[in-house]
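Thanks for sharing this one. Below are some notes on how its side chains pack and pair, set out point by point so you can follow along in your viewer.

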Amino acid sequence: MDNTTALHTAARRYCQQRFSDWFQIYEEIQDREKTQVADMFKPGWRYSDEACRTFPRYRFDAAIQMEVERLMPDCEANLEQLRTRLVRACDVAEMRFQQELTNSLEREAIHEEAEDFRAYISVLNAGDLHSIEPLPFRRVINDVESRRLWSQLKQVWGIGDGHWYPLKEGPAPPNVIAFHEDYFEKVVGAELLREALHAQGIRNVFQLQEFGPPEPEYEIDVSIFAPTYGSGGEQYSTSGLSDWVVYASHESSVAICGDWLTRIIKEKLPDCGQHTYKGPYSTEDLRGTWETN
């Protein structure tokens, strides 16, 4: 790695480690405050002071990382310019959180966490950067890229407002195969997808979110690709040509689409046609059901 890439990677690693550390501390607080979860919906309930000083920190570390991953270090002329932009990324995240939060303890915690990040970035020198371990590529795409990719998915696959297959009404196209996430996880579906994409020479994957910006949407290294329904809603994964799609829905389905991709999956899993999606609720046959009883 060159020094600018190493500095950018160091910032990402710092945010990841701080998120993990503070999240673990917060879980320990919750374990001690056994009544917290049970009482949190009762009138007058409030977070303890210790919790207020803790949980905003890991949320903020995730927000800093998101801003850091909007940057492309290879576009920087030198180390100091990137250092300035990383500090500015932290400033953006802090400003957003300070406007969102009203509790003085929470706002103080955010400011302390921001100061720690800025101090860490400011003291790293070229010698320190030699020991930074690489991370898989991941960046937040911009609004122009997002609109272009969504437009392609609509034109090629009819993906737009509302759900897609297997939740969309009407017959599914012949190049779509959908599974319940239970079956997908059992057959290590994410690993099979990564192998198939890599074999086709695909190195990066775009991951678009149902709710779109301001929720971050990413371009990631194929090695860390795993279709997931999460805080950004339903997820559509594809590459620049949009000749394949993987759709992870809120109803526990994972749909794989594209002639060559579905062909490879069927070759890898010859009996997968016997395990296609039947509904969101888990069943012993791993196909799911819409029946609640």
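1. Let's begin at R118, bearing in mind that this is a predicted model. R118 makes a salt bridge with E115, and the closest N and O atoms are 2.8 Å apart. Both residues sit in helix α6 (residues 104–123), three residues apart, or about one turn of the helix. R118 has 14% relative accessibility and therefore counts as buried, while E115, at 38%, counts as partly exposed. As for networks, R18, R57, E112, E113 and D116 are joined into one by salt bridges that share partners.

2. Helix α5 holds a pair with the same spacing: E80 and R83 are three residues apart, about one turn of the helix. Their side chains meet in a salt bridge of 3.0 Å, N to O. Here R83 is buried, with a relative accessible area of 10%, and E80 is partly exposed at 45%.

3. Salt bridges are worth a look elsewhere too, as a search of the whole structure finds 16. One of them pairs R96 with E67, with 3.2 Å between the closest N and O atoms. This pair links distant parts of the chain, since R96 belongs to helix α5 (residues 79–100) and E67 to helix α4, 29 residues apart. E67 is buried, with a relative accessible area of 9%; R96 is partly exposed at 32%.

4. Now for the aromatic rings, which form 14 pairs in the structure. Take F23 and Y58: their centres are 5.1 Å apart and their planes at 80 degrees, an edge-to-face arrangement. F23 lies in helix α1 (residues 3–32) and Y58 in helix α4 (residues 55–68), so the pair ties together parts that are 35 residues apart in sequence. Is Y58 buried or exposed? Y58 is buried, because its relative accessible area of 13% falls under the 20% cut-off. F23, at 33% relative accessibility, is partly exposed.

5. A second pair to check is W164 with Y165, where the ring centres are 5.4 Å apart and the planes meet at 65 degrees, so this pair is edge-to-face. Both of these residues are buried. Going back to F23 and Y58, they belong to one aromatic cluster together with F19, Y26 and F55.

6. Two arginines lie over ring faces. R57 is placed over the face of W22, 4.7 Å from the ring centre; recall that R57 is also part of the salt-bridge network. R138 lies over the face of Y218, at 4.6 Å from the ring centre.

7. Finally, the nonpolar packing. The largest nonpolar core has 28 residues, and those touching the most other members are L193, L197, W244, V246, I256 and L261. Two or more residues each come from β2 (176–180), α9 (181–186), α10 (189–199), β4 (218–221), β7 (253–257) and α11 (259–268). Which element gives the most to this core? That is α10, with five residues.

8. V246 is a good residue to centre your view on. Leaving aside residues up to four places away in sequence, V246 touches L193, F225, P227, Q235, Y236, S237, V254, A255, I256 and L261. There is also a second, separate core of 26 residues, and L7, C15, A93 and I132 are among them.

Notes. Residues are numbered from 1 along each chain as its sequence is written. This is a predicted model: local features need pLDDT of at least 70, side-chain atom pairs count only at pLDDT 80 or more; totals for chains, interfaces and linings use all residues. Side-chain values use heavy atoms; hydrogens and water are left out. A nonpolar core is a set of buried Ala, Val, Leu, Ile, Met, Phe, Trp, Tyr and Cys residues joined through side-chain atoms within 4.5 Å. Buried means under 20% relative accessible area, exposed over 50%, partly exposed in between (1.4 Å probe, protein chains only). Helices (H or I, at least four residues) and strands (E, at least two) are DSSP runs, numbered from the N terminus. Contact means heavy atoms within 4.5 Å. Rings of Phe, Tyr and Trp (its six-membered ring) pair if their centres lie within 6.5 Å; planes under 30 degrees apart count as stacked, over 60 as edge-to-face and the rest as tilted. A charge sits over a ring if NZ of Lys or CZ of Arg is within 6 Å of the ring centre and within 35 degrees of the ring normal. A salt bridge is a side-chain nitrogen of Lys or Arg within 4 Å of a carboxyl oxygen of Asp or Glu.
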